[in-house]
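Biologist: Hi! Could you pull up the model so we can chat through it?
Modeller: Sure, here it comes.

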2 protein chains.
Amino acid sequence: MTATLVPVFAALGDETRWSILAALGEGDASASALAGRLPVTRQAIAKHLAVLQEVGLVEPVRVGREVRYRVIGSQLSATAHRLDAIGAEWDRRLAAIKQIAEGL
Amino acid sequence: MTATLVPVFAALGDETRWSILAALGEGDASASALAGRLPVTRQAIAKHLAVLQEVGLVEPVRVGREVRYRVIGSQLSATAHRLDAIGAEWDRRLAAIKQIAEGL
DNA sequence: GTTTGCTGCAACCCGATAGTTGCAGATCTA
DNA sequence: TAGATCTGCAACTATCGGGTTGCAGCAAAC
């Protein structure tokens, strides 16, 4: 269902990919259309879109002869919640360790 | 204050780094100590710790002649919340676009 | 004061990946 | 049918990053 967490972060760890996501945020667009707005080649964008699709952050939609891509915001939210849970767990555990260390 | 978002994700996009974070979750440890538990060299771990420190996910603590590292869970939570906000914003905007597209 | 153990720096290797150009195939339009 | 566009595949380059080994420096222990 949801992709494993780490590859999602790897996908999000690239500026160009965020530019693409930002551009897609203003409406679905094809790789060619995005190439007009961003300072990289269509093929480079196509590769990035493949990566984003792989981890479920984006989804292709055929419209005639072109392939538009749409951002899946819920995947972003899901990832955020999993990360938040981990962060909270860490704080909890570290607090426990700290108490032990303080001799309580 | 909080590091820019993208480098944090880049830091979280590596399995070994998660192993290190997980190991640190059971208590602060030095690079040498971690090298005993993980299947990589001390220097490799040192590099990873430098990356993690750079983005504020981890914090060094001198203890005598060794340098222990501690996870900063709150940074993880902060990142999660920023990501969640972005995801929600995206969903909101895309819903609006969808309504427009449906002629409403 | 010598030995032990931990840190830090530098050079190096290699695989992954961001980016490019070029071309072939498919599809809409005139 | 011909021409214009958009996609997809392949080859190639170059940089980055994860990992290694080796060595020098320094703090603790004995």
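Biologist: What turn lays chain A on chain B, and with what RMSD?
Modeller: This is a predicted model, and in it a turn of 180° with a shift of 0.0 Å along the axis lays chain A on chain B with an RMSD of 0.1 Å. The two copies are thus related as by a two-fold rotation axis.

Biologist: Nice. Why do the copies meet through the same surface?
Modeller: Because 97% of the interface residues of chain A are also interface residues in chain B.

Biologist: And how do H1(A) and H1(B) cross, left-handed or right-handed?
Modeller: The crossing is left-handed. Their axes come within 7 Å and cross at roughly 145°.

Biologist: Which residues meet there?
Modeller: Val6, Phe9, Ala10 and Leu12 of chain A meet Val6, Phe9, Ala10 and Leu12 of chain B. By class, that contact has 8 nonpolar residues, no polar and no charged ones.

Biologist: Switching to the DNA: how many residues surround strand D?
Modeller: There are 18, and the closest are Ser32(A), Arg42(A), Thr41(B), Lys47(B) and His48(B). Sugar and phosphate make up 50% of the strand D atoms that come within 4 Å of the protein.

Biologist: What's the class mix of that surface?
Modeller: It has 8 polar, 7 charged and 3 nonpolar residues. H4(B) gives the most, with 4 residues.

Biologist: Which part of DNA strand D does His48(B) approach?
Modeller: A phosphate oxygen, which lies 2.3 Å from a polar side-chain atom of His48(B). Gln43(B), by its side chain, has an N or O atom 3.2 Å from a base oxygen of DNA strand D.

Notes. Residues numbered from 1 in each chain as written. Chains lettered and ligands numbered in written order. Predicted model: local features only at pLDDT ≥ 70, side-chain atom pairs only at ≥ 80, totals over all residues. Heavy atoms only, no water. Axes fitted to C-alpha atoms, helices over the stretch in contact; angles between N-to-C directions. Helix = DSSP H or I, 4+ residues; strand = E, 2+ residues; numbered from the N terminus. Left-handed = near helix turned anticlockwise from the far one by under 90°. Contact = heavy atoms within 4.5 Å. Nonpolar A, V, L, I, M, F, W, Y, C, P; charged D, E, K, R; others polar. Least-squares fit on C-alpha atoms with pLDDT ≥ 70 in both. Near = heavy atom within 4 Å. Polar contact = N/O pair within 3.5 Å; in protein donor to acceptor, adjacent residues only side chain to side chain.
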